[in-house]
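Hi,

Here is the structure I promised to pass on. Please have a look at it before you read my notes underneath.

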Amino acid sequence: MKLAMIGFGQAGGKIVDRFVQYDERTGSGIVRAAIAVNTAKADLMGLENIEQENRVLIGQSRVKGHGVGADNELGAEIAEEDVDEVQGAIDAIPTHEVDAFLVVAGMGGGTGSGGAPVLAKHLKRIYTIPVYGLGVLPGSDEGGIYTLNAARSFQTFVREVDNLLVFDNDSWRQAGESVEGGYDDINKEIVTRFGVLFGAGEVGEGDEVAESVVDSSEIINTLAGGGVSTVGYASEGVDLDDGGGLLSRFTGSDEQVDTAHTTNRITSLVRKAALGRLTLPCEIEGAERALLVMSGPPKHLNRKGIERGRKWLEEQTGSMEVRGGDFPVKEPQVAACILLSGVNDVPRIKELQQVAIEAQDNIESIREESEDNLEELVEDDEDELDPLF
Ligand code: GDP
């Protein structure tokens, strides 16, 4: 599937920058265009792979290239005022060659948190292709203001996109490691998961054609209907030269053993992907739609395994709309990538909203208190002094 990716804010820009690198390394062909938008000049300069002319600095008259400092209302205002500058960069994209837009942002900060929903709304008004969001939730140790920003941005972003794919930094923090230090690993995880998902169906010249191909319309149909999505992933290394593994050599190439082994590996990877760590942890039961993409060397994929995996997903989610197919790649691993779309039972979001409401109340009472305190400090007790003017 060919995407026009727009990274909004620091996290958004860095993640899209990584996607470009992934695309070049794997030849996946998913990044048809990559744009980074920011109010902070330094963040744009730190990018490595997005071309200079596709780095758009907005809000110069308001913040002079210094960013909005986690003020997402200001981020949204600036995005609205300067949306034409972003559109200028988008105008250079051959959008007739693009299947969808993907607007990427960290929801806890200011520029991306406020700006990404504004851009999504603008794109939906102008274009007929789907506009998806990839929103990153902050770690719970980042503090009240980030949580409040994320909760408000989440509400707005979901409404403005055709589907919001969510990645939760909190559940991906390594034990004992700060989120900051772990961003590299986290971004790699994001790019791998979404790269396999969106890469499905992008068969290049000379690639082997899949037995039951996943094409972009299946991804689009799974995401259609809107709501929130999460992605599961599990992989296992295989030998590129050997179709059946050691066992077949010892048993004199018993084809049935090979098939059984391949099928079992696929079904076990599907379980691991669905029941392991999701990009947004949630109950998979009740997911409205799902898509299973099995990637790997063709001889390690088979229709029976994928069909079993797909059926199992139907049982687990209770959904009647579970699609599945393969995605042949030349890498020495077999991977199951599962998109669960329209998830509704997400305790993490409820918890985030609770913390956000507390933070909002605290911020208000601190503000009132500080006004009182300042007045008490500045005014003399008996009100004997007068200010100059
Ligand atoms: P902005 O530039 O004002 O949009 O704000 P940032 O993008 O710097 O930060 C927003 C949130 O994104 C932070 O609270 C973090 O949770 C998250 N974040 C920042 N950088 C990264 C990154 O490189 N990767 C990931 N996954 N999250 C990030």
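Below is what I found, first for the whole chain and then for one strand.

Please keep in mind that this is a predicted model. The protein has 389 residues, and 52% of them count as buried. Its secondary structure comprises 14 helices and 10 strands. Along the principal axes, the C-alpha atoms fill a box of roughly 105 × 40 × 35 Å. If you take contacts between residues at least 6 apart in sequence, 82% of them join residues at least 24 apart.

For the surface, the exposed area is about 18,500 Å², with carbon and sulfur atoms supplying 47% of it. On the charge side, there are 70 negative and 34 positive side chains, and the centres of these two sets lie 11 Å apart.

The strand I looked at is β6, residues 163–168. It is largely enclosed by the rest of the structure, because 6 of its 6 residues are buried. Both of its faces are covered: one side carries Asn163, Leu165 and Phe167, while Leu164, Val166 and Asp168 sit on the other.

What are its neighbours? On the one hand, β6 pairs with β5 (residues 131–137) in the parallel sense over 6 bridges, and valine 136 stands opposite phenylalanine 167. Together with helix α7 (residues 144–160), these two strands make a right-handed β-α-β unit. On the other hand, β6 runs parallel to β7 (residues 228–237), to which 2 bridges join it; here leucine 165 has serine 229 as its bridge partner.

Happy to talk it through whenever suits you.

Best wishes

Conventions:
Residues numbered from 1 in each chain as written. Predicted model: local features only at pLDDT ≥ 70, side-chain atom pairs only at ≥ 80, totals over all residues. Heavy atoms only, no water. Helix = DSSP H or I, 4+ residues; strand = E, 2+ residues; numbered from the N terminus. Buried < 20%, exposed > 50% of the residue type's maximum accessible area, 1.4 Å probe, protein only. Contact = heavy atoms within 4.5 Å. Areas by Shrake-Rupley, 256 points an atom, 1.4 Å probe, with all protein chains shown as cover. Lys, Arg positive; Asp, Glu negative; His and termini not counted. Charge placed at Lys NZ, Arg CZ, Asp CG, Glu CD. Pairing = 2+ DSSP bridges. Right-handed = clockwise from strand over helix to strand, strands pointing away.
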